[in-house]
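Work through the exercises below with the model open. Each one sets a task and then solves it in steps.

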Amino acid sequence: MNYPNNDIIMHELINNEANFIPLFSSEDEKRLQEEIVPDSLAILPLRNTVLFPGIVIPITVGRTKSIRLAQEFARTDEPIGVVTQKENDIEEPTINDIYKVGTMARILKFVAMPDGSVTIIVQGIKRFTILDLVQTEPYYRASVIEYECNDCNPKTQNKKVFKALMDSLRDAAISMIKLSNHLPKEAIFALKNIESPTFLVNFITTNLSIEVVEKQNLLENPDIEDRAKQVLRLTNKEVQLLELKAQIQNKSKQEIDKQQREYFLNEQIKTIQKELGDSPVERTCSELKEKAKNKKWSKEVQELFERELDKLQRSNTMSPDFSIQANYLDLMVTLPWNEYTEDDFDLTRARKVLDEAHYGLEKVKERIIEYFAVLKLKNDMKSPILCLVGPPGVGKTSLGKSIADALKRKYIRVSLGGLRDESEIRGHRKTYIGAMPGRIIQSLKKAGSSNPVFVLDEVDKVLGMNVQGDPAAALLEVLDPEQNNSFYDNYLEIGYDLSKVLFIATANSLNTIPPALIDRMEVIDISGYFIEEKINIAKQHLIPKQLKENGLEKKSLTFSDKIIEKIIADYTRESGVRTLEKRIAKIARHRAATYVQNGKLEKRITAKDLCKILGSPMFQSERALTKSIRGVATGLAWTAVGGEILFIESVISDGKGQLTMTGNLGDVMKESATIAYEYLKAHAEDFHIDTQLFQTKNVHVHVPEGATPKDGPSAGITILSSLISSFTGRLVRPQIAMSGEITLRGKLFPVGGLKEKVLAAKRAGIYDIVLSDENKKDIEEIDKKFIENMNFHYFSSMQDAINYIVLP
């Protein structure tokens with residue numbers, strides 16, 4: 001078979017970026033049809049390309065198997081099989097990943113490229129069908145059969161109709177080439193000289209801008225007349241698109257000059273939008289204006305909106321500034337400027353809602369009721385900034401939801417735990433890519449109200465100053481009633497009134513909160529619950545909730561007070577009730593599972609059931625000493641999960657007067673021990689102690705449970721009592737606990753965490769407690785029913801306290 005010069009083919013294919021098409025006659029077609037399809041062919045899978053019979057195309061080969069195939073068959077006259085992959089991203093295709101119908105081809109030219117790939121020139125010969133893959137190495141090989149078709153013998157009975165179809169197809173293709181900028185004009189000459197209908201259809205199909213799937217469907221169509229009709233339809237469609245594109249380009253060229261060429265693409269898009277009768281800029285602006293009609297914003301905000309809207313109208317839709325400006329204006333019209341929900345000032349109902357949701361917490365409830373009352377009398381009152389401080393699980397966060405329900409306001413909760421970026425509060429400047437408003441503004445947008453109840457959860461977990469700013473400092477403006485009426489968000493770029501927002505911050509400790517931030521908030525301490533309180537909470541809230549959540553009826557399980565108390569004492573160690581709820585949930589799940597499996601449900605929960613369901617008791621509470629021991633005194637400590645009793649032990653031994661302290665003590669507690677020891681040395685005669693002992697005896701002070709860190713000044717009086725007992729041999733009064741800071745002047749100072757400490761003493765069976773007289777007011781705040789039968793002894797001087805604590 002005679003082929004055109006290969007060098008001409010390479011030049012045309014690579015440099016002109018078009019398919020070089022030799023001028024085939026019907027005689028050439030006949031020669032190709034006479035080619036015999038062998039029983040098997042080496043298979044070359046292609047991506048994004050379909051090869052048709054008679055067509056010469058360049059193929060860039062990169063896969064190792066394909067390069068091996070090209071190298072081997074470029075040296076011979078043997079044909080190969082060219083097929084198309086179904087998915088382009090598959091590197092090692094199987095028989096299911098390629099189309100079954102392909103084109104037998106012959107490699108005309110092999111060129112090694114500088115980048116390591118290979119370019120080959122192939123010419124399609126005949127179509128074939130793959131039966132099965134018979135070889136995968138070093139390249140694919142498949143058993144094949146010739147694809148049956150009627151390319152040389154069209155079914156049509158009217159030759160004139162078929163000739164007219166071919167002429168129409170030729171004319172449409174010539175129009176397409178004239179309008180296209182990607183096809184060389186020399187192709188028109190080729191079209192006019194192609195005699196074979198099959199080659200004409202294949203040539204036009206190859207150059208159509210259609211999907212690979214559509215080209216594959218045309219390859220698999222055995223009827224030349226039907227295929228020609230489909231190609232004519234697709235060609236006419238492409239001609240129409242090219243004509244429309246030419247019209248758009250002509251209109252655009254009239255509007256641009258040399259200085260505006262960089263906007264050529266944008267002008268084309270504008271023209272398309274005008275043809276469609278739809279402008280995104282006008283549509284967006286009209287939507288924003290419509291939303292802004294009913295906004296209750298100030299004159300200043302109105303002017304800002306109009307200025308920014310004017311900028312948007314002058315923006316181009318393809319410019320990045322357009323989306324930034326549109327998002328900014330959308331935020332402005334979505335924010336609830338001066339839009340407030342109506343408060344419900346029914347104080348009786350409010351108190352009922354708070355009592356139903358939370359047991360106890362009287363201080364907080366009273367403060368909220370006071371706020372409701374004042375707000376009812378003076379409607380424009382600034383909202384207080386409350387900070388609820390207490391251990392985990394006491395209901396600080398959920399209280400915010402109850403307050404919102406009581407007031408009938410929207411509820412927002414933002415967790416500040418681990419917050420390290422100031423922009424999370426103040427927002428980013430909108431000039432930055434991906435800029436957003438801060439969490440405060442975003443939350444108000446979602447709430448749709450400017451007076452919600454806004455819970456700032458875990459405010460003590462906000463990280464301090466770093467390279468991304470100081471989030472705690474950003475909160476100063478938010479939580480300052482004198483400043484937050486014009487809170488400035490960097491993204492919004494105008495003040496927003498937060499004065500009607502009821503902010504409620506929650507924290508476990510005030511130690512990590514900056515003093516300036518504490519000063520702006522009204523701090524309300526929420527201490528842990530007494531056992532009696534936990535029992536009531538369990539009965540009124542936790543048990544009904546868990547029965548419902550686990551598919552059990554309200555009265556399907558009964559917990560006695562003793563059983564609840566046992567769960568609290570043996571299976572929880574906390575100030576709140578979070579772990580208690582988990583234990584109750586586990587019991588409810590176990591009973592539910594038993595009921596489903598056996599069809600029986602035992603209502604009563606016993607101590608035996610607790611061991612079976614919850615296991616052996618997890619905690620063993622410290623019990624008071626039943627018998628006094630020399631050098632041992634019982635103190636009271638506060639921890640993050642509640643109060644504990646603390647034994648202080650001391651012994652003296654022969655030595656040189658050294659003081660040793662063990663038990664993982666912090667600096668403050670060590671200082672308390674030093675103060676106690678030095679005070680005892682200074683007042684040895686008052687306690688009838690031989691001063692020579694301080695020169696000849698070493699003192700060792702130990703606090704058990706050495707793995708647990710301990711610190712604070714409240715153990716001062718306990719350490720002093722222990723030392724006096726060791727030096728004098730007098731015993732500390734049995735069944736007594738104490739807590740108080742001591743000084744070298746002999747004063748007994750007050751300490752904090754009294755509710756938790758009293759609870760720990762009561763739990764340990766201790767009913768006599770020694771405190772500073774300044775702590776009397778703290779004890780009076782505790783509900784009397786929780787401290788029944790307990791005796792509190794108040795002293796202002798250490799001498800008086802020791803005279804009571806240490807037996808004669």
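**Exercise 1. Classify the two rings of an edge-to-face pair, Tyr328 and Tyr491, by burial and geometry.**

Solution.
- Step 1. Start with Tyr328. Its relative accessibility is 0%, so Tyr328 counts as buried.
- Step 2. Turn to Tyr491. Its relative accessible area is 5%, so Tyr491 is buried.
- Step 3. Take the geometry. The ring centres of Tyr328 and Tyr491 lie 5.9 Å apart, with the planes at 65 degrees. Planes over 60 degrees apart count as edge-to-face, so the label fits this pair.
- Step 4. Place the pair. Tyr328 belongs to helix H12 (residues 320–334), and Tyr491 to the loop between strand S10 (487–488) and strand S11 (495–496). The two are 163 residues apart, and the pair links distant parts of the chain.

**Exercise 2. Decide where the coordinates deserve caution.**

Solution.
- Step 1. This is a predicted model. The protein has a mean pLDDT of 83, and 90% of its residues reach 70 or more.
- Step 2. Find the extremes. Confidence is lowest in helix H1 (residues 6–15), with a mean of 38, and highest in strand S3 (residues 80–84), at 94.
- Step 3. Mark the weak stretch. The pLDDT is below 50 over residues 1–23. That stretch still has 51 contacts in the model beyond near neighbours in sequence.
- Step 4. Draw the consequence. Predicted coordinates should not be read in detail where pLDDT is low.

**Exercise 3. Examine the second edge-to-face pair, Phe73 and Tyr139.**

Solution.
- Step 1. The count of aromatic pairs comes to 10. In the pair of Phe73 and Tyr139, the distance is 5.8 Å centre to centre, with 70 degrees between the planes.
- Step 2. Phe73 lies in helix H3 and Tyr139 in the loop between S5 and S6, so the pair ties together parts 66 residues apart in sequence.
- Step 3. Check burial. Phe73 is buried at 3% relative accessible area, and Tyr139 is buried at 5%.
- Step 4. Look for a cluster. Ring pairs link Trp297, Phe305, Trp337 and Tyr496.

**Exercise 4. Sort three salt bridges by where their partners sit.**

Solution.
- Step 1. The count is 24 salt bridges. Among them, Lys65 and Glu137 meet at 3.3 Å, N to O. Lys65 is in helix H3 (residues 64–74), and Glu137 is in the loop between strand S5 (118–135) and strand S6 (140–146), 72 residues apart. Lys65 is buried at 15% relative accessibility, whereas Glu137 is exposed at 52%.
- Step 2. Glu581 and Lys545 form a salt bridge with the closest N and O atoms 3.0 Å apart. Glu581 is in helix H22 (residues 578–598) and Lys545 in helix H20 (residues 531–549), so parts 36 residues apart in sequence are tied together. Glu581 is buried at 18%; Lys545 is partly exposed at 39%.
- Step 3. Lys681 and Glu678 pair at 3.7 Å. They are 3 residues apart in helix H24 (residues 667–682), so about one helical turn separates them. Lys681 is partly exposed at 32%, and Glu678 is partly exposed at 36%.
- Step 4. Search for shared partners. Glu35, Asp77 and Arg106 are joined into one network.

**Exercise 5. Which charged residues sit over the rings of Tyr99 and Tyr804?**

Solution.
- Step 1. Over the face of Tyr99 lies Lys86, 6.0 Å from the ring centre.
- Step 2. Over the ring of Tyr804 sits the charged end of Arg733, 4.3 Å from its centre.

Methods: Residues are numbered from 1 along each chain as its sequence is written. This is a predicted model: local features need pLDDT of at least 70, side-chain atom pairs count only at pLDDT 80 or more; totals for chains, interfaces and linings use all residues. Side-chain values use heavy atoms; hydrogens and water are left out. pLDDT is the predictor's confidence in each residue, from 0 to 100. Helices (H or I, at least four residues) and strands (E, at least two) are DSSP runs, numbered from the N terminus. Contact means heavy atoms within 4.5 Å. A salt bridge is a side-chain nitrogen of Lys or Arg within 4 Å of a carboxyl oxygen of Asp or Glu. Buried means under 20% relative accessible area, exposed over 50%, partly exposed in between (1.4 Å probe, protein chains only). Rings of Phe, Tyr and Trp (its six-membered ring) pair if their centres lie within 6.5 Å; planes under 30 degrees apart count as stacked, over 60 as edge-to-face and the rest as tilted. A charge sits over a ring if NZ of Lys or CZ of Arg is within 6 Å of the ring centre and within 35 degrees of the ring normal.
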